[in-house]
Amino acid sequence: MADRDVTLECQVDLGRGLVLPNPIGVASGTFGYGFEAERMGTISGLGAIYTKGTTLLPRSGNHPPRIAETTAGMLNSIGLQNPGVAVVAGEYAKRWASWPVPVIVNVAGSDIPDYVAVCQRLTGIEGVAGLELNISCPNISHGLDFGTDPAQAGRLVEAVRGATDLPLLVKLTPNVTDITSVGRAVEAAGADGVTAVNTYVGMKIAVPQRAPVLPGLGTAGLSGPAIKPLALAAVAALRRALGIPIVGIGGIGSAEDALEFLVAGADAVQVGTANFYRPGIAAEVLEGCLQFAQANALSSWRDLRWRP
Amino acid sequence: MTASSQPSAADLVGESDLTLAVEEVATCLGVDSLGENLFEVLVLAPRIQSLAEPGQFAQLLVDEGPVPLLRRPFSFSRSDPRSGMVSFYLAAVGQGSRRLSRLRPGDQLRMLGPLGRGFSLPETRGTSVVVAGGLGAAPFPLLMTRLLQGDERVVFVNGARRALELYPEERLPRGLSSLVVRTEDGSRGQAGRVTDGLLDLMKGADRVYACGPNAMLSALVEIWEETGPGVERPRLEVSIEAPMGCGFGTCLGCAIPLRLPSGDPAEGPLGLCCRQGPVLDGRELDWPRLLLQPSHLG
């Protein structure tokens, strides 16, 4: 009953000392490094900021066009534009150190030494609360995709795990037959948690041009409300398969959406594409979740979890 | 693609001030039909109105639901400090603009703004030549109003493919020194492209402001190059378009190719239309590369 005297434990413990003040974070690639939001006054109240994918060297990204709109979604092929880890660790982290929100750096690379070097550079840096390994960026092709092969994914995570004591999340790609096999592999290799899911490979066609809207092979990462049911299914499957925390993501733009992911098995969530069209929405999502928690006398977000 | 060590886009040309952007629920005051499929959407948004500068834009959330998903960027067209009204001049060509053209008085929509970098206004009196290609007239009623308030001499070149696509003269601010009308099919004003005869007008100007299709702006920059060397060229500012997602620099969708400072032939960095633009100095852009990319969201 709602009138029972129950205090909600709002924090979320993702392991290895990474405690988020609340479960509502903002997703990699939709929030830069937080500085735009800092200027616009929309970082307070966030559970976590997951940064733009960061590589060893700076990357200028793909040639335009880079984005397209689809029904209830968007495609992006940015190509990991980022200033490189030296700038992130040397300049950006100093600014994060005074923020009230944990900043988790998303790390991307093309081979194991790349990932290891980036993660080492970020280790021991004040302002860096954790790492999220992007083993699944669909927009850069190196002929090797760690995220689609459990053995490769496991080797990568094992190497990174040996190089850093930072909390380590692994962001999984949904573009696989069985996401749980990759999830199990990274759990066994020492990941503290998984983020699920990254974008789905998609395409938009321009009939007059008889070609895709976006260049190259025409494929890009699909995000937004269109993928929410797919992402929920992936999170639920991972929950059955894994013991480590899951950060759910895919089309979250309201408290209702976030609660659905918590029910499906997520420990925390990320608001992604909605940051583009509703900047500041994460605070509203949290407020709605807190109201729900109070009305339903939750003592922890885990009370919501579906237990089939 | 790995970036070489080169100046950042922000270091090269500057960036917009996001601390001024606010979210406001605007109320539609009406939608005026101004030509074939052309509309002026008038909204009450006093906070954004009080901050909006010529050439800046707002991101309009067309629907609270997921279709269309992304906001649509439009330059402020007119702005009235007494009533708190701003307007947007648009063609109903896509999902978002068609919906906006059907707004009714009293309808509400979220607006984020002002965003982007606008036109610079002169510090001393002089002559401005303002060149509009079709819908490119959008930011100029506000710009010219401000210029005229500063006693600037303003020549407006209003061009379009045909008469029905011209920005209507009766909505222009009073006090223009000269109005040149050009249509490609000759259905109004002089027949020809908006860039025809511009060289002579530019030679006598202190400033040139232009907005229109990127191909038109590229041609205009070439004409501007002919105003020198040997004389002091007018300052040239252009408002460009790129497919835009967020409008405040996080989606990285609206990349635009910049040129390195004069004389350096190396490929310059990519900037963002929403942060470095939409208004830039005509020399700051790598026009051949810009023309290879689409100007609207696919």
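The following dialogue discusses how to read selected features of a predicted two-chain model.

Reader: What conventions and confidence scores apply here?

Author: Residues are numbered from 1 along each chain as its sequence is written, while chains are lettered from A and ligands numbered from 1 in the order in which they are written. Because the model is predicted, local features need pLDDT of at least 70 and side-chain atom pairs count only at pLDDT 80 or more, whereas totals for chains, interfaces and linings use all residues. The model scores ipTM 0.95 and pTM 0.96. Chain B has an average pLDDT (the predictor's confidence in each residue, from 0 to 100) of 94, and 98% of its residues score at least 70.

Reader: How many residues of chain B are in contact with chain A, and of which classes are they?

Author: Two residues are in contact if their C-beta atoms, placed from the backbone, lie within 7 Å. By that criterion, 32 residues of chain B meet 35 residues of chain A. The chain B side comprises 22 nonpolar, eight polar and two charged residues; Ala, Val, Leu, Ile, Met, Phe, Trp, Tyr, Cys and Pro count as nonpolar, Asp, Glu, Lys and Arg as charged, and the others, Gly among them, as polar.

Reader: Which strands form the barrel of chain A, and where does H9(A) pack?

Author: Strands (E, at least two residues) and helices (H or I, at least four) are DSSP runs, numbered from the N terminus, and two strands pair if DSSP finds at least two bridges between them. In chain A, the eight strands S3-S4-S7-S8-S9-S10-S15-S16 make a closed barrel with parallel pairing. Strands S3(A) and S16(A) are joined by three bridges. Helix H9(A) packs on the sheet, touching S3 and S16 of chain A, and its direction makes about 165 degrees with that of S3(A); axes are lines fitted to C-alpha atoms, for helices over the stretch in contact, and angles run from 0 to 180 degrees between N-to-C directions.

Reader: Which backbone features merit inspection, and where do they lie?

Author: Most residues other than glycine have a negative phi, and most peptide bonds are trans. Here, a cis bond joins Pro64(A) and Pro65(A), with omega about 0 degrees; Pro65(A) lies in the loop between strands S4 and S5 of chain A. Another cis bond joins Gly277(B) and Pro278(B), with omega about 5 degrees. Arg16(A) has a positive phi near 55 degrees and sits in the loop between strands S1 and S2 of chain A.

Reader: Is Arg16(A) buried or exposed?

Author: A residue is buried if 20 or more other C-beta atoms, placed from the backbone, lie within 10 Å of its own, exposed if 12 or fewer, and partly exposed in between. Arg16(A) is partly exposed because 13 other C-beta atoms lie within 10 Å.
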